[in-house]
Amino acid sequence: MHQQRIGLRTAKVFKRQLTRSIRVSGAVKWDESRMYDVTARVNGWVEDLRVKRVGDWVQRNTLLLRFYSPDLLATQRELLVAPKGSRLAKAARERLRQWGMSNRTIKKMLRKNKPRQQIDIQSPLKGIVIDKQ
């Protein structure tokens, strides 16, 4: 009785092609659990931006930009003149790591005995650039 009042109909289920289209509105959003912010951890400025547009695809380890920081440069120089294994050397190395310089880059800089003027910032994963600030 209630089914008749609301216009409910039943029929046998069978496979057929739908001929009626349905238009709906909706919003597409990014999955925030899969987003990653790439930020500089020290004061400075971008000298060479490699990713030009929002929407660009990047692979893991793609060079995003080259960054200059007076603090990074000064700390590299401090590490180069500090006695090996000293507290000063350990502190300088730790600051460089905390500011995002990789162990590989630090070792390369020490081997060449020359501070790097620019630091490469690479993509930690593959994906799409959704914002540039």
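Trainee: Where in the chain does Gln118 lie?

Mentor: In this predicted model, Gln118 has contacts that reach well beyond its own stretch of sequence, since, with residues up to four places away not counted, it touches Glu47, Arg66 and Phe67. As for its own position, Gln118 belongs to the loop between H4 and E4.

Trainee: Is Gln118 buried, partly exposed or exposed?

Mentor: A residue is called buried under 20% relative accessible area and exposed over 50%. Gln118 has a relative accessibility of 26%, and it therefore counts as partly exposed.

Trainee: How far apart in space are Gln118 and Glu47, C-alpha to C-alpha?

Mentor: Glu47 is one of the residues that Gln118 touches. Along the sequence the two are 71 residues apart, while in space their C-alpha atoms are separated by 8.0 Å.

Trainee: Which residues does Leu73 contact, leaving aside its neighbours within four places in sequence?

Mentor: Leu73 is part of helix H2, and at 6% relative accessibility it counts as buried. Glu47 lies 26 residues from Leu73 in sequence and 14 Å from it in space, C-alpha to C-alpha. With the sequence neighbours left aside, the contacts of Leu73 are Tyr68, Pro115, Arg116 and Gln117.

Trainee: Within what arc do the buried residues of H2 fall, seen down its axis?

Mentor: Helix H2 covers residues 70-81, and its 12 residues reach 17 Å from the first C-alpha to the last, close to the 16 Å expected at 1.5 Å a residue. Its buried residues are Leu72, Leu73, Thr75, Gln76 and Leu79. They line one face of the helix, because the view down the axis places them within an arc of 165°.

Trainee: What covers the buried residues of H2?

Mentor: The residues to be covered are Leu72, Leu73, Thr75, Gln76 and Leu79. Their cover includes both strands and helices, namely strand E3 (63-68), strand E4 (119-122), helix H3 (87-98) and helix H4 (103-112).

Trainee: Within what arc do the buried residues of H3 fall?

Mentor: H3 also has 12 residues, and from its first C-alpha to its last it reaches 16 Å, close to the 16 Å expected at 1.5 Å a residue. Ala89, Ala92 and Leu96 are buried in this helix. Seen down the axis of H3, these residues line one face, because they fall within an arc of 65°.

Trainee: Which exposed residues does H3 carry on the face turned away from its buried side?

Mentor: On the buried side of H3, the cover includes H2 and H4. The face turned away from that side carries the exposed residues Arg87 and Lys90.

Trainee: What phi does Gly100 take, just after H3?

Mentor: Most residues other than glycine have a negative phi, and most peptide bonds are trans. Gly100 follows just after H3, and its phi is positive, at about 100°.

Trainee: What is the phi of Asn61?

Mentor: Asn61 sits in the loop between E2 and E3, and at 44% relative accessibility it counts as partly exposed. Although Asn61 is not a glycine, its phi is positive, at about 70°.

Trainee: And what is the phi of Asn113?

Mentor: Asn113 is found in the loop between H4 and E4, where it is exposed, with a relative accessible area of 55%. Asn113 is likewise a residue other than glycine with a positive phi, near 60°.

Trainee: Which element gives the most to the lining of the largest pocket?

Mentor: The largest pocket holds about 1100 Å³ of space, and of the 29 residues that line it, the closest to its centre are Tyr36, Val38, Val129, Ile130 and Asp131. Strand E1 (45-49), strand E2 (57-58), E3 and strand E5 (127-128) are the elements that give two or more residues to this lining. The residues of the lining divide into 19 nonpolar, 4 polar and 6 charged. With 3 residues, the element that gives the most is E3.

Trainee: Which elements give two or more residues to the lining of the second largest pocket?

Mentor: The second largest pocket has a volume of about 710 Å³, and its lining divides into 11 nonpolar, 8 polar and 7 charged residues. Of the 26 residues that line this pocket, Gly100, Ser102, Asp120, Ile121 and Gln122 lie nearest its centre. The elements that give two or more residues to its lining are H4 and E4.

Conventions. Residues are numbered from 1 along each chain as its sequence is written. This is a predicted model: local features need pLDDT of at least 70, side-chain atom pairs count only at pLDDT 80 or more; totals for chains, interfaces and linings use all residues. Side-chain values use heavy atoms; hydrogens and water are left out. Helices (H or I, at least four residues) and strands (E, at least two) are DSSP runs, numbered from the N terminus. The expected span of a helix is 1.5 Å times one less than its number of residues. Buried means under 20% relative accessible area, exposed over 50%, partly exposed in between (1.4 Å probe, protein chains only). The arc is that of the directions from the helix axis to the C-beta atoms. Contact means heavy atoms within 4.5 Å. On a 1 Å grid over the protein atoms alone, a cavity is a set of points where a 1.4 Å probe fits but cannot get out, and a pocket is an open set with protein on both sides within 12 Å along at least five of seven lines; lining residues have an atom within 4 Å of a point. Grid points are joined across faces, edges and corners, and a volume is the space filled by probe spheres set on the points. Ala, Val, Leu, Ile, Met, Phe, Trp, Tyr, Cys and Pro count as nonpolar, Asp, Glu, Lys and Arg as charged, and the others, Gly among them, as polar.
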